[in-house]
Amino acid sequence: TCMDLQLSSCADAAYTQTAFPNLLEQRSREAVESSPEYILLSVLHHLLEGQCNPDLRLLGCAVLAPRCEGSRVRRPCRHVCEGLREACQPAFDAIDMAWPYFLDCAHYFAREEEGCYDPLEKLRGDLEAEEALPSGLPPTFIRFAHHSYAQMVRVLKRTATRCAQVAKTYSIGRSFDGKDLLVIEFSGRPGQHELMEPEVKLIGNIHGNEVVGREMLIYLAQYLCSEYLLGNPRIQRLINTTRIHLLPSMNPDGYEVAAAEGAGYNGWTSGRQNAQNLDLNRNFPDLTSEYYRLASVRGTRTDHIPIPEHYWWGKVAPETKAIMKWMRTAPFVLSASLHGGDLVVSYPFDFSKHPLEVKMFSPTPDEKMFKLLARAYADVHPMMMDRSEGRCGGNFRKQGSVINGADWYSFTGGMSDFNYLHSNCFEITVELGCVKFPPEEALYGLWLNNKESLLSFVEMVHRGIKGVVMDRFGQPVKNARILVKGIRHDVTTASDGDYWRLLPPGSHIVIAQAPGYSKVMKRVTIPLRMRKAGRVDFILQPLGTGHKKLSRELQRTVPASRDPLGEPPQLDLEPLGARRQPSAGGSKPWWWSYFTSLSPHRPRWLLKY
Ligand SMILES: [Zn+2]
């Protein structure tokens, strides 16, 4: 007979009735609760640091507390299990844990013909539910309100459906509490990179209690879609020539904490961190210290710095990891991270060149370009241009509301420094206003102030030069370096051989080089008012055999990659035991003592060896 499901770890399952014995032949609720299988499910989320959960837990619940309907037990679907196993095996490998026997897809799960059900249906359902617009409103209607997670997801999905030919949503991973980090993308051909089309990302709500960026990006998505459909030539040109990715909330768990306190009542810091209490904008690898070290040595490369291995020994938030993985999937050129609490645009470096100086101007080699990028935002923002002393962010008015990050205050582990030093992407930080969680009535005004800034910033991705690097047969050369004399920061070509180099107006000497080829040099002049990237292609000639030594030298300058994020786009990170010290010489993994202390039944099936 069916009875109420009363297991606390399975309380969010899509059904409410279960039956005993379960699929493991456990005969009572007490027997389940004291079993190592159930204990595992209860702590899985923390063991895997949020990866693959709550999906895996719900999958396990479908075995330990099977769905009961009309006094019949139903089995969960095998294909759901297989999909999760493929996606989540690496997370188990990373902590040296075997795939739990009771999640054996062939054994405890059923095929569709046998009438299985999807135990994750509710999880998906939450994301796909349609919300009808209040009747009588045009589809271009934007609700200038705060959006809960579910509302945000609905708006983004609805927008992508309405603009299906130019928009698409996708998830870059999950937050610690299991919320999808949902992105909406706009492009002439959503879902794919096009040759020489530059890619931009805008990220909001990295600090969960700084909510204006989240709302601005939700409105921007709707605005881009509507204006595209209405035939706005500027928006059509922008979308047809650019791939724009919007991630309104990088920290949806923190947002929940802040939103629970409510607009206007939110304290200065509650909800800033993610669910693990990590500040995501301090959680990226500190490559800036490494940069300062390298920069003091003549002739070394100071760009595309690899992630140091010790980084993985510390706590890495799933949100941080998701961003790093995302950066591998597309050749991003430009980015902005939207914050709140002040009114200013800041640009790298955020970490001071002197570790003890908390306020010290610390420019990158691309100082000129970064200033232009920051200006593109600030100069068209009516509040940032306001010269009155008493205004929000008034102490930045002399600098025109633009400041070098470390000159404002120095910190390490930030996202912008990481973008610049690890990839080809230039990222700035925008502080959208003094109130982190403003009342709803303020949102429309904030949108009016930021709309033009956001658009003109995104358009900046078309500054400088772009082109393709090929060999003499017209084959693309990927990972070739594009050097600019006088700027010690190279960019590299993407997999189709295409590149983008943001550059300020003026004359530049640009060099393309790749291992095994002779380098090619070109002089380019970028006119003052040019708003389209100039096209500069390079054709590389192979080096003769006499040049082997040089070629070897060039090879050596390519960073040796012992990088757990893994290339090519490998879905899960971290080599075996990179995060925790590997269990040496046959000793048990770190989590073993936890299980043995809780239950007399030792779950040897969790051990790989
Ligand atoms: Zn912030």
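Biologist: How many aromatic pairs does a search of the whole structure find?

Modeller: The search of this predicted model finds 28 aromatic pairs.

Biologist: What makes Phe102 and Trp605 an edge-to-face pair?

Modeller: The ring centres of Phe102 and Trp605 are 5.9 Å apart, and rings pair if their centres lie within 6.5 Å. The planes of the two rings stand at 90 degrees, and planes over 60 degrees apart count as edge-to-face. Therefore the pair of Phe102 and Trp605 is edge-to-face.

Biologist: How do you know that this pair links distant parts of the chain?

Modeller: Phe102 lies in the loop between helix H4 (78-94) and helix H5 (105-108), while Trp605 is in the segment after helix H19 (592-598). The two residues are 503 residues apart.

Biologist: Why is Phe102 called buried?

Modeller: The relative accessibility of Phe102 is 0%. Buried means under 20%, so Phe102 counts as buried.

Biologist: And why does Trp605 count as partly exposed?

Modeller: Trp605 has 23% relative accessibility. The partly exposed class runs between 20% and 50%, so Trp605 belongs there.

Biologist: Why is the pair of Trp408 and Tyr409 called edge-to-face?

Modeller: The ring centres of Trp408 and Tyr409 are 5.0 Å apart, with the planes at 75 degrees. That angle is over 60 degrees, so the pair is edge-to-face.

Biologist: Is Trp408 buried or exposed?

Modeller: Trp408 is buried, because its relative accessibility of 15% is under 20%. Tyr409, with a relative accessible area of 35%, is partly exposed.

Biologist: Which residues do ring pairs link into a cluster?

Modeller: The cluster consists of Tyr291, Tyr292, Tyr347, Phe349, Phe370, Tyr420 and Phe426.

Biologist: Where does the charged end of Arg214 sit?

Modeller: The charged end of Arg214 sits over the ring of Tyr255, 3.4 Å from the ring centre. Arg282 lies over the face of Phe411, at 3.9 Å from the ring centre.

Biologist: Which residues coordinate the zinc ion?

Modeller: The zinc ion is coordinated by ND1 of His207, ND1 of His339 and, listed twice, OE of Glu210, at 2.0 to 2.6 Å. The spacing of the donor residues in sequence is H-x2-E-x128-H.

Biologist: What makes the arrangement around the zinc ion irregular?

Modeller: The 4 donor atoms subtend angles of 54 to 154 degrees. Tetrahedral needs all angles between 85 and 135 degrees, and square planar needs opposite donors over 155 degrees apart. The angles around the zinc ion fit neither, so the arrangement is irregular.

Biologist: Why are His207 and Glu210 called buried?

Modeller: His207 has a relative accessible area of 3%, and Glu210 is at 3% relative accessibility. Buried means under 20%, so His207 is buried and Glu210 counts as buried.

Definitions and conventions. Residues are numbered from 1 along each chain as its sequence is written. This is a predicted model: local features need pLDDT of at least 70, side-chain atom pairs count only at pLDDT 80 or more; totals for chains, interfaces and linings use all residues. Side-chain values use heavy atoms; hydrogens and water are left out. Donors are N, O and S atoms within 2.8 Å of the metal (3.2 Å for Na, K and Ca); water is not among the atoms, so sites may look incomplete. Four donors count as tetrahedral if all angles lie between 85 and 135 degrees; four count as square planar and six as octahedral if opposite donors are over 155 degrees apart and all others between 65 and 115; anything else is irregular. Buried means under 20% relative accessible area, exposed over 50%, partly exposed in between (1.4 Å probe, protein chains only). Rings of Phe, Tyr and Trp (its six-membered ring) pair if their centres lie within 6.5 Å; planes under 30 degrees apart count as stacked, over 60 as edge-to-face and the rest as tilted. Helices (H or I, at least four residues) and strands (E, at least two) are DSSP runs, numbered from the N terminus. A charge sits over a ring if NZ of Lys or CZ of Arg is within 6 Å of the ring centre and within 35 degrees of the ring normal.
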